[in-house]
Amino acid sequence: MRKFRWGILGTGAIAKQFVQGLRSVPHAEVFAVGSRSEASAAKFADKRNIPRRHASYEDLVSDPEVDVVYIATPHPLHAANATLCLQAGKAVLCEKPFTVNAVEAERVVELARKRGLFIMEGMWTRFFPLMEEVRRLISEGAIGEVRMLNLDFGFRADLDPASRLFDQRLGGGALLDVGVYCVSFASMILGQPSGSVGLSHLGETGVDEQASVVLEHEGGRLANLSIGIRTATPQEATIMGTEGYVRIHAPWWRPKSMTISRPGEESETVDAPVSGNGFNYEAAEVMRCLEAGKTESDVMPLDETISVMRTMDGIRAAWGLTYPGEEVAP
Ligand SMILES: NC(=O)c1ccc[n+]([C@@H]2O[C@H](COP(=O)([O-])OP(=O)(O)OC[C@H]3O[C@@H](n4cnc5c(N)ncnc54)[C@H](OP(=O)(O)O)[C@@H]3O)[C@@H](O)[C@H]2O)c1
């Protein structure tokens with residue numbers, strides 16, 4: 001495989017972790033970083049021995065030696081940042097959620113397709129070895145027909161109106177931050193839902209601090225989601241079928257073991273150890289696709305990313321939660 005030179009767009013918390021993960025991927029070079037500020041780009045690059053640093057996102061995407069850009073900015077910036085990358089001819093890995101809503105996602109995907117460029121949502125959970133095993137077991141009918149899912153993802157953050165988690169202008173709230181993992185997992189197992197009902201608690205900054213959502217899928221199959229940014233939850237996922245159930249142990253979104261239980265049989269635990277910090281798996285998928293000349297991943301397809309955004313739009317619409325300046329679908 002040829003070497004791929006990565007550019008990191010944004011210097012926040014997840015960019016730091018991603019760079020660490022990328023370092024454990026053969027053929028990946030952490031080549032450049034771009035920031036809104038020269039000082040932040042320099043600090044990030046110096047600390048990590050990154051050869052090139054750029055004092056704007058525009059300069060990063062104009063760097064002719066960057067092959068692929070990883071977008072690590074707050075959600076409302078994703079669409080504009082991805083557009084900037086694609087217009088400069090770069091392949092893109094964009095953090096979850098792909099955008100704030102489906103209208104933005106459709107536009108970005110349309111541009112990527114028009115330009116024949118690779119783009120993928122960084123739904124890193126899908127690429128862990130255990131998730132491959134989950135998909136295999138379910139498709140082989142190891143627990144019969146899947147009928148219900150129980151997924152929770154909540155943590156307790158201190159209320160800080162300036163943090164992106166609580167700031168509406170930065171796309172704050174549980175649904176976009178952690179709910180997207182649950183909606184995406186439900187989509188992976190059950191497909192696109194036909195409807196949803198949900199209740200949320202909007203906190204003092206106006207964002208959804210916690211919510212319960214039920215997704216309805218074809219044939220009466222249901223996914224039950226509990227999410228929060230002010231309430232810690234066990235962070236477990238249970239897939240329930242007609243012939244047993246699978247429990248993915250906490251934290252299910254960074255999975256490494258599961259237990260399969262069938263009536264009348266002894267439970268079986270499957271371990272799939274994780275190498276690196278986990279971000280290496282999604283990065284490896286991006287490079288596999290680029291090497292094969294593909295413009296999207298089969299594991300996280302673009303139409304599915306759009307469908308997940310649509311589902312989240314529908315859930316939010318029922319709560320009356322919109323973001324400042326957000327363009328809402330007719
Ligand atoms: N996959 C995962 O496990 C995971 C975990 C956490 C977060 N994420 C996702 O990653 C994205 C970033 O999250 P984060 O926790 O890394 O955020 P963060 O620590 O706040 O960092 C975001 C970075 O984006 C840049 N930025 C550009 N415009 C900004 C603005 N108006 N306000 C603040 N920052 C701005 C800044 O970099 P410069 O100043 O250098 O331009 C900033 O350091 C989110 O979409 C989130 O959903 C994913």
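**Reading strands and a ligand pocket**

User: Asn150 stands opposite Asn224 in strand 10. Which strands are joined here, and which way do they run?

Analyst: Good place to start! Keep in mind that this model is predicted. Two strands count as a pair if at least two bridges are found between them. Here, 7 bridges join strand 7 (residues 146-154) to strand 10 (residues 221-228), and the two run parallel.

User: What stands opposite Asn224 in strand 9?

Analyst: That is Val214. Strand 9 (residues 208-217) is joined to strand 10 by 8 bridges, and this pair is antiparallel. So you can read strand 10 as having two partners: the pairing with strand 7 is parallel, whereas the one with strand 9 is antiparallel.

User: How many residues lie between strand 9 and strand 10 in their hairpin?

Analyst: There are 3, and Gly219 in this hairpin takes a positive phi near 75°. Now look at strand 8 (residues 195-202), which pairs with strand 9 in the antiparallel sense over 8 bridges. In that pair, Leu199 faces Ser212 of strand 9. Strand 8 and strand 9 also make a hairpin, with 5 residues between them. In its turn, Gly206 has a positive phi of about 90°.

User: Let's move to the ligand. Which residues come nearest?

Analyst: A residue is called near if one of its heavy atoms lies within 4 Å. There are 24 residues around the ligand, and Thr11, Ser35, Tyr57, His75 and Lys96 come nearest.

User: How do I read the polar contacts, and where is the one made by Thr11?

Analyst: Look for N or O atoms in pairs within 3.5 Å. A polar side-chain atom of Thr11 is 2.4 Å from an oxygen atom of the ligand. For Lys96, a backbone N or O atom lies 2.7 Å from a ligand oxygen, and for Ala13 the backbone distance is 2.9 Å. Taken alone, the ligand exposes 900 Å², and the protein buries 80% of that.

User: What kind of space does the ligand take, and which helices help to surround it?

Analyst: The space taken by the ligand is the largest pocket. The elements that give two or more residues to the shell are helix 1 (13-22), helix 4 (75-87) and helix 7 (174-190). Helix 4 gives the most, with 3 residues.

User: How do the shell residues divide by character?

Analyst: Sort them into three groups and you get 11 nonpolar, 8 polar and 5 charged residues.

How values were computed
Residues numbered from 1 in each chain as written. Predicted model: local features only at pLDDT ≥ 70, side-chain atom pairs only at ≥ 80, totals over all residues. Heavy atoms only, no water. Polar contact = N/O pair within 3.5 Å; in protein donor to acceptor, adjacent residues only side chain to side chain. Areas by Shrake-Rupley, 256 points an atom, 1.4 Å probe, with all protein chains shown as cover. 1 Å grid on protein atoms, 1.4 Å probe; cavity = no way out; pocket = protein on both sides within 12 Å on 5 of 7 lines; lining within 4 Å. Sits in = over half its atoms within 2 Å of the grid points. Helix = DSSP H or I, 4+ residues; strand = E, 2+ residues; numbered from the N terminus. Nonpolar A, V, L, I, M, F, W, Y, C, P; charged D, E, K, R; others polar.
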